[in-house]
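Subject: Structure handover

Hi,

Here is the structure you asked for. My notes follow below it.

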Amino acid sequence: MQPKSLMAACVLGVVVLSGPAVAGQFVTETFGNNTSCSHQGTLTVQEDIVRFDLTAIPRSSEVYRAVLRVPSNGHENGQSVHVVAVDLAGAKRLSARPPLYNSFDATQPAKAWVANPAANKGLAVEKSGGVEFNEAVLEVSYSGEAKGPAKQVTDLKALHQAGQTFLTWKEIEDVVGADSPQFVDFEKNVLDARTRRDVAYRVYRHSSPITVESLGRAELVAEIPEALSCWNLNAIRNTEHPNQGTPTKRSALRPGYNLALNHMMGRYRIAGGGEPLPRSTGLTVLTVREPGRFYYAVTSAINGAESVDELGSGAVLSTPVDEKPSRFPATIYQRTNSAKEGSVVSAVDVYNSWLEPPYHNVPIVSETFIVRWKRLEKGNTDNRLPLWLNHGHYGGTASSMGSPGWYGAREYVKGALTIGITEGSLWQGFHECIGTLRGYEDGVVHNYPQRRVLGAAHWAIENEDFYVDPQRVSLYGQFGWWALRHGDLFAAVMSNGHANMAIGKQSQNHGWKWGPYPEGSKNWLGIDQWEHMNLPKWIRENPTVELPFWICHPAYGAYPSHSIGDFGFMPWPEMLHAMASTKRAFAANWSSNGPGPVGPLYDLVTRIELHQSLPAFTDCSLDHSPGDGDHADAEKGGGINIHQRWDPETIVDEPGKWEITLFVQPACPRESLTTDLTPRRCQKFKPQPGEKYKWQNAAGDRVLQAGEVTADQWGLVTVPGVRITKTKSRIRISK
């Protein structure tokens, strides 16, 4: 039996053409050794030469497209697959075909071989990448006689929104047969249908109206498997390990998860406020790169073959779609997950986005969650809400973040609109070849998960129903320190301290995602990805770049084995020393299960604004030492800059003058402390290197301290040894 991955590339019972081509008809046939191919027994593999016999195609035929399909289950991640036509003048290496990059464009050699069979010397496999070419199939589309035309789709429609074109159509068969089946029944019906025949829907695009005569010249932009595209597989409850309480299983329909068998299946909505799509609806979402007007058509392919003698009105669009790009993709409400009685959360609203580059290397559907806090009043034009983005922890799943119960123990940013975002792995990005037939040399590393978070932030800010204050956007994530590079968006960032992925434990296990391990690859910026993930180094090399306020603490889990032990403590001190030595605004703790002593600082986050100065504290008398890399050497029980507090609303930031009110937080075991103070992220206070400033620390009319300081080589003014108590005092710096 052939692998299922190849079933879409083959066809049963198509008559071999022997006469002249029939003008105006469109045919796709498959060549290989699999029993379901149009022309079985037409593949030979000798050493590294793969040859398909295409003599069944009349020489007078016009070849429109040829696709080389190979089994992906043998491909090794990151390994290149290089195939080139033998003895064909001007032949180039076959290119992987977007958007999935799971097949190769063989149009050039196929055209030459049909026109001149003697020129067919086959394909040379220069690099196999682990692929078994004896199971390869060549799929050729050409002008020919359509024998037994396949049933056509109907009711093709288009909706363009947020820079994406949503195409829907009625499929040729109702495979599922129910509107709300349980997953166990849904899976059985779909897989049973695939054992009979494999149906895929092919979506074509052209700048002119599409007819049978022009179909071969239209661009094939998507291939959609039968029955799945309208059903929301992301919504299926899943677990990392088999769940004995709720029966689960692995499924080919959504690999990588243990899926709940009793989950009630639902279908996508594609418009805000719209109803779910009817069952047996085909769906594809295409992201627009350049503005234009395009026509679309959809055909059905049975086991990889098409046979089209006409295109009914329901299979083509008679009017073009006016397409325009957008900054971020459509994010559309799908459903609401209600909370149990007594929860601090009333519900979680779930939204979906259909992502392609630059948000993911291949098309996927992602979920975004809006949390409804019971004590959060709806915003309005006079009371805009701070925004808190939460991309969770390492190993977090969509089903967990979509659950209202997931947020109960994490309500630290009170009064903020909360958005949960999942499916990011370690959130540092990955090579664009991962999950495709491309190799490391065929691309670079991209920060896809981070772009999703940034896109979700801009979506929320521009959503008129959310009333978000763009000055108060913050982010939490176990590995969310990447957001410190985005001081133009985030006012505050909360994460752990594992900010150098080039060292430590667990991150090395993910090294293959960033290029050949340990060498690595370049990223989208042209920088070595391992170098780019060394955030402390970047912070030291860019001392004048202003960062968000950073709160650092272990992630949730058993301390220290889960929070620190899994990943190693080594990068933490490096990051903390980098922040302190460059006088950045932060507070850190490394000896708790979760935020611990820095938890109260979460209440300050919603008061910090993006275009507002920050106090950076260093050398506090109550600081603990994180050591130099070994957690056993770190002082336990405390942290850095835990007890200093300030009033963000009364900061004065003017040319030549800066003021702030400081105090010691009430829970501090000491009544007073001393700390160095440096104004950061100043908007108007811009000292020049070498300029002298006077300062004073006063409680009302009583001056407690005073002195003179000089701006350093970065233009930073640091006031040493400021003494603050639980009674507020005012620090003034003036030229």
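Let me start with S280. Its relative accessibility is 8%, so S280 counts as buried. Please keep in mind that this is a predicted model. S280 sits in the loop between β17 and β18 (281-287). Its phi is near 60°, a positive value in a residue other than glycine.

D619 also has a positive phi, of about 50°, although D619 is not a glycine. D619 belongs to the loop between β33 and β34 (639-640). Is D619 buried or exposed? D619 has a relative accessible area of 59%, so it is exposed.

Next, another serine. S251 is in the loop between β16 (248-249) and β17 (258-260). S251 has 6% relative accessibility and therefore counts as buried. Its side chain makes a polar contact of 2.7 Å with the side chain of E187. Leaving out residues up to four places away in sequence, S251 touches F183, E187, Y257 and L259.

Now the strands around β23. β23 covers residues 345-355, and 10 of its 11 residues are buried. Strand β22 (residues 332-338) pairs with β23 in the antiparallel sense, over six bridges. Within that pairing, Y333 stands opposite Y351 of β23. The hairpin of β22 and β23 has six residues between the strands. There, G342 takes a positive phi near 95°. β23 is also joined to strand β24 (residues 364-373) by 10 bridges, and these two run antiparallel. A347 has R372 in β24 as its bridge partner.

The loop between β23 and β24 holds P358. A cis peptide bond joins P357 and P358, with omega about 15°. P98 and P99 are likewise joined by a cis peptide bond, with omega about 5°. P99 is in the loop between β7 (95-96) and β8 (103-105).

On to the open sheet. It has three strands in the order β33-β38-β41, with antiparallel pairing. β33 (614-618) and β41 (719-725) are the edge strands, and each pairs on one side only. From one strand to the next, the twist averages 50°. β33 and strand β38 (residues 672-680) pair over five bridges in the antiparallel sense. F617 stands opposite L677 in β38.

Then the cores. The largest nonpolar core has 66 residues. Which of them touch the most other members? They are L389, Y407, F490 and W550. Helix α6 (residues 448-462) gives the most to this core, with six residues. Another core, of 47 residues, lies apart from it. Among its members are Y556, A585, I651 and L677. Back in the largest core, Y407 is one of the residues with the most links to other members. Not counting residues up to four places away in sequence, Y407 touches V345, V348, F369, V371, W373, N390, M401, T418 and G420.

Last, the cysteines. How many disulfides does the structure hold? It holds zero. Why is C620 not bonded to C668? The sulfur of C668 is the closest cysteine sulfur to that of C620, but it is 8.0 Å away, too far for a bond. A disulfide needs the two sulfur atoms within 2.5 Å. C620 has 8% relative accessibility, so C620 counts as buried. C682, at 11% relative accessibility, counts as buried too.

Best wishes

Terms used. Residues are numbered from 1 along each chain as its sequence is written. This is a predicted model: local features need pLDDT of at least 70, side-chain atom pairs count only at pLDDT 80 or more; totals for chains, interfaces and linings use all residues. Side-chain values use heavy atoms; hydrogens and water are left out. Helices (H or I, at least four residues) and strands (E, at least two) are DSSP runs, numbered from the N terminus. Buried means under 20% relative accessible area, exposed over 50%, partly exposed in between (1.4 Å probe, protein chains only). A polar contact is a pair of N or O atoms within 3.5 Å; within protein, one must be able to donate a hydrogen and the other to accept it, and residues adjacent in sequence count only if both atoms are side-chain atoms. Contact means heavy atoms within 4.5 Å. Two strands pair if DSSP finds at least two bridges between them. Axes are lines fitted to C-alpha atoms, for helices over the stretch in contact, and angles run from 0 to 180 degrees between N-to-C directions. A nonpolar core is a set of buried Ala, Val, Leu, Ile, Met, Phe, Trp, Tyr and Cys residues joined through side-chain atoms within 4.5 Å.
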